[in-house]
Amino acid sequence: MTASLEELPPLREVIAAHGLSARKALGQNFLLDLNLTSKIARRAGDLTACDVLEIGPGPGGLTRGLLREGARKVVAIERDSRCLPALGEIAEASGERLTVLEGDALALDPRPHLTPPVRIVANLPYNVGTELLVRWLSPTEWPPFWSSLTLMFQKEVAERIVAKPGSKAYGRLAILAQWRAEPRIAFEIPPRAFTPPPKVTSAVVHLDRLESPRFPANPETLSRLTALAFNQRRKMLRSSLKSLGPDVEAQLTSAGIEPTWRAEQVSLEGFCRLSRVLDGTN
Ligand code: SAM
(Lines give C-alpha, C1' and ligand atoms only; values in the text may rest on other atoms or scores of the structure.)
Protein backbone atom coordinates (compact mmCIF):
# COMPACT_ATOMS: atom_id res chain seq x y z
CA MET A 1 0.00 0.00 0.00
CA THR A 2 1.20 3.54 -0.75
CA ALA A 3 2.25 5.63 2.27
CA SER A 4 0.42 8.90 2.84
CA LEU A 5 2.42 12.12 3.25
CA GLU A 6 2.09 11.80 7.03
CA GLU A 7 3.42 8.24 6.93
CA LEU A 8 6.62 9.00 4.99
CA PRO A 9 9.77 8.35 7.03
CA PRO A 10 11.60 11.23 8.78
CA LEU A 11 13.97 13.13 6.48
CA ARG A 12 17.08 11.88 8.28
CA GLU A 13 16.07 8.34 7.34
CA VAL A 14 15.32 9.39 3.76
CA ILE A 15 18.76 10.98 3.47
CA ALA A 16 20.47 7.90 4.89
CA ALA A 17 18.45 5.48 2.75
CA HIS A 18 19.23 7.35 -0.49
CA GLY A 19 22.82 8.37 0.35
CA LEU A 20 22.08 12.09 0.04
CA SER A 21 25.18 13.51 1.71
CA ALA A 22 25.07 17.28 1.20
CA ARG A 23 27.22 18.71 -1.59
CA LYS A 24 28.62 22.17 -1.06
CA ALA A 25 29.00 22.87 -4.78
CA LEU A 26 25.20 22.55 -5.14
CA GLY A 27 24.52 24.85 -2.18
CA GLN A 28 22.99 21.95 -0.28
CA ASN A 29 21.88 22.89 3.25
CA PHE A 30 18.83 20.81 4.01
CA LEU A 31 15.90 21.61 6.30
CA LEU A 32 14.89 18.47 8.13
CA ASP A 33 12.32 19.87 10.57
CA LEU A 34 8.91 19.41 8.99
CA ASN A 35 7.32 21.88 11.42
CA LEU A 36 9.64 24.53 10.05
CA THR A 37 9.04 23.63 6.41
CA SER A 38 5.28 23.77 7.02
CA LYS A 39 5.74 27.20 8.60
CA ILE A 40 7.52 28.42 5.44
CA ALA A 41 4.77 26.89 3.27
CA ARG A 42 2.08 28.64 5.34
CA ARG A 43 3.83 32.00 4.90
CA ALA A 44 3.25 31.64 1.16
CA GLY A 45 -0.51 31.97 1.75
CA ASP A 46 -3.39 29.73 0.81
CA LEU A 47 -1.97 27.15 -1.59
CA THR A 48 -5.10 25.09 -2.13
CA ALA A 49 -6.08 26.87 -5.34
CA CYS A 50 -2.48 27.46 -6.54
CA ASP A 51 0.28 25.75 -8.41
CA VAL A 52 3.59 26.09 -6.60
CA LEU A 53 6.99 26.26 -8.27
CA GLU A 54 9.78 25.04 -5.99
CA ILE A 55 13.45 25.36 -6.90
CA GLY A 56 15.86 22.83 -5.39
CA PRO A 57 13.63 20.43 -3.43
CA GLY A 58 16.63 18.28 -2.40
CA PRO A 59 15.35 15.42 -0.20
CA GLY A 60 11.93 17.13 -0.13
CA GLY A 61 11.46 18.74 3.30
CA LEU A 62 9.89 21.92 1.98
CA THR A 63 8.12 19.96 -0.76
CA ARG A 64 6.40 17.88 1.89
CA GLY A 65 5.44 21.08 3.74
CA LEU A 66 3.91 22.55 0.59
CA LEU A 67 1.93 19.41 -0.16
CA ARG A 68 0.80 19.03 3.45
CA GLU A 69 -0.47 22.61 3.36
CA GLY A 70 -2.68 21.56 0.47
CA ALA A 71 -0.93 22.89 -2.64
CA ARG A 72 -3.00 22.04 -5.72
CA LYS A 73 0.18 21.04 -7.53
CA VAL A 74 3.93 21.44 -6.90
CA VAL A 75 6.40 21.62 -9.78
CA ALA A 76 9.92 21.19 -8.43
CA ILE A 77 13.16 21.70 -10.36
CA GLU A 78 16.14 19.79 -8.95
CA ARG A 79 19.60 19.56 -10.43
CA ASP A 80 20.88 16.68 -8.30
CA SER A 81 19.64 13.40 -9.78
CA ARG A 82 20.46 11.60 -6.49
CA CYS A 83 17.34 13.24 -5.01
CA LEU A 84 14.90 11.90 -7.61
CA PRO A 85 14.00 8.55 -5.96
CA ALA A 86 13.15 10.28 -2.64
CA LEU A 87 11.07 12.87 -4.51
CA GLY A 88 9.34 10.05 -6.41
CA GLU A 89 8.16 8.61 -3.09
CA ILE A 90 6.70 12.00 -2.15
CA ALA A 91 4.96 12.27 -5.54
CA GLU A 92 3.32 8.91 -4.96
CA ALA A 93 2.30 9.74 -1.38
CA SER A 94 0.77 13.04 -2.52
CA GLY A 95 -1.56 11.46 -5.06
CA GLU A 96 0.71 12.69 -7.88
CA ARG A 97 0.34 16.36 -6.97
CA LEU A 98 4.13 16.65 -7.36
CA THR A 99 5.91 16.93 -10.72
CA VAL A 100 9.71 16.84 -10.58
CA LEU A 101 11.75 18.34 -13.40
CA GLU A 102 15.40 17.34 -13.40
CA GLY A 103 17.69 20.16 -14.50
CA ASP A 104 19.14 23.59 -13.89
CA ALA A 105 16.57 26.17 -12.78
CA LEU A 106 18.53 28.84 -14.65
CA ALA A 107 18.11 26.96 -17.93
CA LEU A 108 14.70 25.32 -17.62
CA ASP A 109 11.39 27.08 -18.33
CA PRO A 110 8.76 25.60 -15.97
CA ARG A 111 5.85 27.64 -17.33
CA PRO A 112 4.43 24.93 -19.62
CA HIS A 113 3.93 22.79 -16.48
CA LEU A 114 2.15 25.48 -14.46
CA THR A 115 -1.40 26.81 -14.38
CA PRO A 116 -2.04 30.24 -12.79
CA PRO A 117 -2.23 31.36 -10.10
CA VAL A 118 1.37 30.37 -9.39
CA ARG A 119 3.31 30.94 -6.20
CA ILE A 120 7.06 30.39 -6.08
CA VAL A 121 8.41 28.96 -2.83
CA ALA A 122 12.01 27.88 -2.33
CA ASN A 123 14.92 27.35 -0.02
CA LEU A 124 17.21 28.57 -2.75
CA PRO A 125 20.70 27.34 -3.45
CA TYR A 126 22.76 30.38 -2.42
CA ASN A 127 24.82 30.37 -5.58
CA VAL A 128 21.83 30.99 -7.87
CA GLY A 129 19.31 32.66 -5.53
CA THR A 130 19.90 36.30 -6.36
CA GLU A 131 20.12 35.64 -10.07
CA LEU A 132 16.77 33.83 -10.05
CA LEU A 133 15.14 36.62 -8.05
CA VAL A 134 16.39 39.27 -10.48
CA ARG A 135 15.07 37.22 -13.41
CA TRP A 136 11.65 36.75 -11.80
CA LEU A 137 11.48 40.50 -11.20
CA SER A 138 12.61 41.49 -14.70
CA PRO A 139 10.49 39.72 -17.31
CA THR A 140 9.65 41.56 -20.52
CA GLU A 141 5.93 41.44 -19.70
CA TRP A 142 4.41 42.60 -16.40
CA PRO A 143 2.52 41.18 -14.46
CA PRO A 144 4.71 38.05 -14.49
CA PHE A 145 3.57 34.40 -14.41
CA TRP A 146 3.85 34.26 -10.58
CA SER A 147 1.76 36.11 -8.01
CA SER A 148 4.05 35.76 -4.98
CA LEU A 149 7.56 34.66 -4.06
CA THR A 150 8.43 33.13 -0.68
CA LEU A 151 12.16 32.61 -0.65
CA MET A 152 14.96 31.81 1.73
CA PHE A 153 18.08 33.92 1.45
CA GLN A 154 21.13 34.70 3.49
CA LYS A 155 19.96 37.38 5.94
CA GLU A 156 22.31 39.90 4.35
CA VAL A 157 20.60 39.42 0.95
CA ALA A 158 17.13 39.59 2.56
CA GLU A 159 18.10 42.95 4.07
CA ARG A 160 19.20 44.24 0.67
CA ILE A 161 15.79 43.32 -0.79
CA VAL A 162 13.79 45.33 1.78
CA ALA A 163 16.35 48.14 2.37
CA LYS A 164 15.24 51.77 2.50
CA PRO A 165 17.19 54.86 1.32
CA GLY A 166 19.97 56.01 3.60
CA SER A 167 21.12 52.51 4.55
CA LYS A 168 24.19 50.61 3.37
CA ALA A 169 22.02 47.74 2.17
CA TYR A 170 20.01 50.02 -0.17
CA GLY A 171 20.91 49.40 -3.78
CA ARG A 172 19.77 47.93 -7.10
CA LEU A 173 18.12 44.89 -5.55
CA ALA A 174 15.95 47.07 -3.26
CA ILE A 175 14.97 49.29 -6.19
CA LEU A 176 14.01 46.38 -8.41
CA ALA A 177 12.15 44.42 -5.71
CA GLN A 178 10.25 47.40 -4.29
CA TRP A 179 9.42 48.82 -7.71
CA ARG A 180 7.55 45.73 -8.82
CA ALA A 181 6.63 43.98 -5.58
CA GLU A 182 5.92 44.40 -1.89
CA PRO A 183 8.77 42.59 -0.13
CA ARG A 184 8.80 41.73 3.57
CA ILE A 185 11.14 39.73 5.77
CA ALA A 186 8.88 37.05 7.28
CA PHE A 187 11.23 35.46 9.82
CA GLU A 188 14.85 34.49 10.38
CA ILE A 189 16.19 30.96 10.53
CA PRO A 190 19.34 30.17 12.52
CA PRO A 191 22.19 28.12 11.01
CA ARG A 192 21.45 25.16 13.34
CA ALA A 193 18.12 24.55 11.58
CA PHE A 194 20.03 23.30 8.52
CA THR A 195 22.01 20.15 7.82
CA PRO A 196 24.86 20.95 7.47
CA PRO A 197 24.60 24.37 9.14
CA PRO A 198 25.69 27.27 6.92
CA LYS A 199 27.98 29.98 8.34
CA VAL A 200 25.32 32.69 8.37
CA THR A 201 21.74 33.29 9.51
CA SER A 202 19.06 32.95 6.84
CA ALA A 203 15.76 34.76 6.39
CA VAL A 204 12.53 34.02 4.57
CA VAL A 205 11.39 36.88 2.37
CA HIS A 206 7.85 37.08 1.03
CA LEU A 207 7.17 39.26 -2.01
CA ASP A 208 3.68 39.95 -3.36
CA ARG A 209 3.83 41.21 -6.91
CA LEU A 210 2.26 44.57 -7.72
CA GLU A 211 -0.17 44.52 -10.63
CA SER A 212 1.80 47.36 -12.20
CA PRO A 213 5.12 48.90 -11.12
CA ARG A 214 4.85 51.30 -8.19
CA PHE A 215 5.87 54.36 -10.26
CA PRO A 216 6.04 54.72 -14.04
CA ALA A 217 9.49 54.20 -15.58
CA ASN A 218 11.08 52.37 -18.47
CA PRO A 219 12.71 49.23 -16.97
CA GLU A 220 15.81 49.49 -19.15
CA THR A 221 16.42 53.14 -18.29
CA LEU A 222 15.85 52.47 -14.59
CA SER A 223 18.23 49.52 -14.66
CA ARG A 224 20.98 51.41 -16.54
CA LEU A 225 20.60 54.41 -14.28
CA THR A 226 20.72 52.50 -11.00
CA ALA A 227 23.68 50.43 -12.23
CA LEU A 228 25.66 53.62 -12.88
CA ALA A 229 24.54 55.30 -9.66
CA PHE A 230 25.19 52.36 -7.30
CA ASN A 231 28.32 50.98 -8.96
CA GLN A 232 30.05 54.13 -7.74
CA ARG A 233 27.86 54.66 -4.72
CA ARG A 234 30.36 56.83 -2.82
CA LYS A 235 30.48 59.40 -5.63
CA MET A 236 28.11 62.32 -6.08
CA LEU A 237 25.49 61.65 -8.74
CA ARG A 238 26.70 64.43 -11.03
CA SER A 239 29.92 62.48 -11.29
CA SER A 240 28.69 58.84 -11.26
CA LEU A 241 26.05 59.67 -13.92
CA LYS A 242 28.33 61.82 -16.09
CA SER A 243 28.31 59.30 -18.92
CA LEU A 244 24.56 59.91 -19.39
CA GLY A 245 25.37 63.17 -21.19
CA PRO A 246 26.23 66.86 -20.74
CA ASP A 247 22.77 67.75 -19.36
CA VAL A 248 22.80 65.36 -16.45
CA GLU A 249 23.04 68.03 -13.73
CA ALA A 250 20.00 69.87 -15.12
CA GLN A 251 18.15 66.58 -15.51
CA LEU A 252 18.87 65.65 -11.90
CA THR A 253 17.60 69.03 -10.73
CA SER A 254 14.47 68.77 -12.82
CA ALA A 255 13.78 65.37 -11.23
CA GLY A 256 14.04 67.00 -7.80
CA ILE A 257 17.41 65.40 -7.01
CA GLU A 258 20.42 67.40 -5.84
CA PRO A 259 23.40 66.70 -8.17
CA THR A 260 25.62 66.49 -5.06
CA TRP A 261 23.61 63.65 -3.52
CA ARG A 262 24.85 60.08 -3.54
CA ALA A 263 22.83 57.17 -4.89
CA GLU A 264 21.71 55.95 -1.48
CA GLN A 265 19.97 59.29 -0.77
CA VAL A 266 17.58 58.90 -3.71
CA SER A 267 14.22 57.22 -3.15
CA LEU A 268 12.70 54.70 -5.51
CA GLU A 269 10.26 57.39 -6.61
CA GLY A 270 13.21 59.74 -7.28
CA PHE A 271 14.97 57.18 -9.49
CA CYS A 272 11.74 56.59 -11.43
CA ARG A 273 11.27 60.34 -11.88
CA LEU A 274 14.84 60.70 -13.15
CA SER A 275 14.28 57.79 -15.57
CA ARG A 276 11.31 59.63 -17.03
CA VAL A 277 13.27 62.89 -17.32
CA LEU A 278 16.07 61.02 -19.14
CA ASP A 279 13.52 59.43 -21.49
CA GLY A 280 11.68 62.72 -22.01
CA THR A 281 8.45 61.15 -20.76
CA ASN A 282 8.00 63.16 -17.55
N1 SAM B 1 14.64 22.51 -0.45
C2 SAM B 1 15.57 21.66 0.27
C3 SAM B 1 15.45 21.96 1.75
O4 SAM B 1 14.90 23.01 2.09
O5 SAM B 1 15.95 21.15 2.54
C6 SAM B 1 17.01 21.83 -0.24
C7 SAM B 1 17.54 23.23 -0.21
S8 SAM B 1 19.25 23.38 -0.63
C9 SAM B 1 19.63 24.95 0.11
C10 SAM B 1 19.28 23.82 -2.35
C11 SAM B 1 18.84 22.76 -3.36
O12 SAM B 1 18.92 23.30 -4.68
C13 SAM B 1 19.70 21.50 -3.40
O14 SAM B 1 18.85 20.37 -3.38
C15 SAM B 1 20.47 21.58 -4.73
O16 SAM B 1 20.78 20.32 -5.27
C17 SAM B 1 19.51 22.36 -5.58
N18 SAM B 1 20.14 23.13 -6.68
C19 SAM B 1 21.36 23.74 -6.68
N20 SAM B 1 21.55 24.41 -7.82
C21 SAM B 1 20.43 24.23 -8.57
C22 SAM B 1 20.02 24.69 -9.85
N23 SAM B 1 20.80 25.48 -10.59
N24 SAM B 1 18.80 24.31 -10.30
C25 SAM B 1 17.98 23.52 -9.54
N26 SAM B 1 18.32 23.08 -8.32
C27 SAM B 1 19.53 23.42 -7.83
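**Arg 68 counts as partly exposed, with a relative accessibility of 29%.** Three words describe how open a residue is: buried means under 20% relative accessible area, exposed means over 50%, and partly exposed lies in between (1.4 Å probe, protein chains only). This is a predicted model, where local features need pLDDT of at least 70 and side-chain atom pairs count only at pLDDT 80 or more, while totals for chains, interfaces and linings use all residues. Residues are numbered from 1 along each chain as its sequence is written, and side-chain values use heavy atoms, leaving out hydrogens and water.

**Here the side chain of Arg 68 meets that of Glu 6 in a salt bridge, 3.6 Å from N to O.** Arg 68 belongs to helix α3 (residues 61-68) and Glu 6 to the segment before α1 (11-18), so the pair ties together parts that are 62 residues apart in sequence. Helices (H or I, at least four residues) and strands (E, at least two) are DSSP runs, numbered from the N terminus. A salt bridge needs a side-chain nitrogen of Lys or Arg within 4 Å of a carboxyl oxygen of Asp or Glu. Is Glu 6 buried or exposed? Glu 6 is exposed, with a relative accessible area of 58%. This pair belongs to a structure that holds 13 salt bridges.

**Look next at helix α6 (residues 155-162), where Glu 159 and Lys 155 are 4 residues apart.** Because of that spacing, about one helical turn separates Glu 159 and Lys 155. These two residues form a salt bridge, and their closest N and O atoms are 4.0 Å apart. Glu 159 is partly exposed at 39% relative accessibility, and Lys 155 is partly exposed too, at 29%. Which residues share a network of salt bridges with Glu 188? They are Lys 155 and Glu 159.

**Two loops meet in this view through a salt bridge between Glu 264 and Arg 233, 3.0 Å from N to O.** Glu 264 sits in the loop between α10 (248-254) and α11, and Arg 233 in the loop between α8 and α9 (237-240). The pair links distant parts of the chain, 31 residues apart. Both ends are partly exposed: Glu 264 has a relative accessible area of 24%, and Arg 233 has one of 25%.

**Now for the rings: the structure holds 3 aromatic pairs.** In one of them, the centres of Trp 142 and Trp 146 are 5.9 Å apart and the planes stand at 85 degrees, so the pair is edge-to-face. Trp 142 counts as buried at 17% relative accessibility, and Trp 146 counts as buried at 1%. To count as a pair, rings of Phe, Tyr and Trp (its six-membered ring) must have centres within 6.5 Å; planes under 30 degrees apart are stacked, over 60 edge-to-face, and the rest tilted.

**Phe 230 and Phe 271 make a tilted aromatic pair, with 5.5 Å between centres and 45 degrees between planes.** Where do these two rings come from? Phe 230 is in helix α8 (residues 219-231) and Phe 271 in helix α11 (residues 268-279), so this pair links distant parts of the chain, 41 residues apart. Phe 230 and Phe 271 are both buried. Ring pairs also bring in Tyr 170, which forms a cluster with Phe 230 and Phe 271.

**A charged side chain meets a ring here: Lys 39 lies over the face of Phe 187.** The distance to the ring centre is 4.2 Å. A charge sits over a ring if NZ of Lys or CZ of Arg is within 6 Å of the ring centre and within 35 degrees of the ring normal.

**In the last view, domain 1 (5-209) faces domain 2 (219-279) across a shared contact area.** The bounds come from an automatic or database domain assignment. The centres of domain 1 and domain 2, taken over C-alpha atoms, are 34 Å apart. How many residues of domain 1 are in contact with domain 2? There are 11, and they meet 14 residues of domain 2; contact means heavy atoms within 4.5 Å. About 1,000 Å² is buried between domain 1 and domain 2, with 65% of that area from carbon and sulfur atoms. Buried area is the accessible area (1.4 Å probe) that two parts lose on being put together, summed over both. The salt bridge count between domain 1 and domain 2 is 0.
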